[in-house]
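Welcome! Let us take a walk through this structure together, going from the overall layout to some of its details.

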Amino acid sequence: MRKLVTIVALGVILVAASPIEAPAHPAAAAALALGAFATFGLLATAPLWAAPYPVYAYPAPVYEPPAYYAPAPAYAPSLAPAIQREVIYPHGRHVLYGDGVSTAYQWVWVPNAPPPPPPPGAPPGR
């Protein structure tokens with residue numbers, strides 16, 4: 001391989017150094033210069049594009065079968081999260097009215113009912 005590169009490089013140098021009579025027309029000179037440049041480019045880069053491509057060895061891909069899930073049930077509208085609608089105290093409770101979308105939320109105080117009167121004939125205070 002080294003010998004081939006050396007021979008090609010010497011050939012390129014000899015061709016480049018050889019005297020070439022310049023043509024009389026400037027366009028012909030430009031064409032000759034472009035042709036010489038293309039030839040030099042091909043000869044100078046021949047070892048690069050003529051060399052075999054390196055072979056890369058990669059491990060075989062690991063196949064994992066897709067995970068299958070049970071089919072989704074028929075469409076059911078999502079339910080709103082459960083909201084605590086009552087807060088209970090010893091003397092009453094707060095109740096939440098409304099849904100927050102079509103009717104605004106509103107807390108309402110509901111007092112406990114008064115204790116019933118004592119039955120007739122029972123001693124007072126007990």
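The protein chain in front of you contains two helices and three strands. Please keep in mind along the way that this is a predicted model. If you follow the sequence from start to end, the elements come in the order α-α-β-β-β. How much of the chain counts as buried? Of its 126 residues, the share is 4%.

Let us begin with helix H1, which spans residues 2–17. Val5 is part of this helix, and together with Met1 and Leu4 it makes up a nonpolar patch on the surface. The three residues of this patch have about 310 Å² of accessible area between them. Is Val5 itself buried, partly exposed or exposed? Its relative accessibility is 35%, and because partly exposed covers the range between the 20% limit for buried and the 50% limit for exposed, Val5 counts as partly exposed.

Helix H1 also takes part in our next stop, the largest pocket. This pocket has a volume of about 210 Å³. Twelve residues line the pocket, and those closest to its centre are Val15, Ala16, Ala36, Thr39 and Phe40. Which elements give two or more residues to this lining? They are H1 and helix H2, the latter running over residues 26–50. H2 provides the largest share, with seven residues. What kinds of residue will you meet there? Sorted by class, the lining holds nine nonpolar residues and three polar ones, while charged residues number none.

Now let us turn to a pairing of charges. Side chains of opposite charge can pair when their charged atoms come close. How many salt bridges does a search of the whole structure find? The search gives one, and you can look for it between Arg93 and Glu86, where the closest N and O atoms lie 3.6 Å apart. That distance counts as a salt bridge because the cut-off is within 4 Å. Both partners can be placed on the same scale used for Val5: Arg93, at 31% relative accessibility, is partly exposed, and Glu86, at 35%, is partly exposed as well.

Our last stop is strand E2, made of residues 92–97, where you will find His94. With a relative accessible area of 29%, His94 is partly exposed, because this value falls between the limits of 20% and 50%. Where does Pro111 sit relative to His94? Along the chain the two are 17 residues apart, and their C-alpha atoms are separated by 8.5 Å.

Methods. Residues numbered from 1 in each chain as written. Predicted model: local features only at pLDDT ≥ 70, side-chain atom pairs only at ≥ 80, totals over all residues. Heavy atoms only, no water. Patch = residues over 30% accessible without salt bridge, like charges linked within 9 Å, V, L, I, M, F, W, Y side chains within 5 Å. Areas by Shrake-Rupley, 256 points an atom, 1.4 Å probe, with all protein chains shown as cover. Salt bridge = Lys/Arg side-chain N within 4 Å of Asp/Glu carboxyl O. Helix = DSSP H or I, 4+ residues; strand = E, 2+ residues; numbered from the N terminus. Buried < 20%, exposed > 50% of the residue type's maximum accessible area, 1.4 Å probe, protein only. 1 Å grid on protein atoms, 1.4 Å probe; cavity = no way out; pocket = protein on both sides within 12 Å on 5 of 7 lines; lining within 4 Å. Points joined across faces, edges and corners; volume = space filled by probe spheres on them. Nonpolar A, V, L, I, M, F, W, Y, C, P; charged D, E, K, R; others polar.
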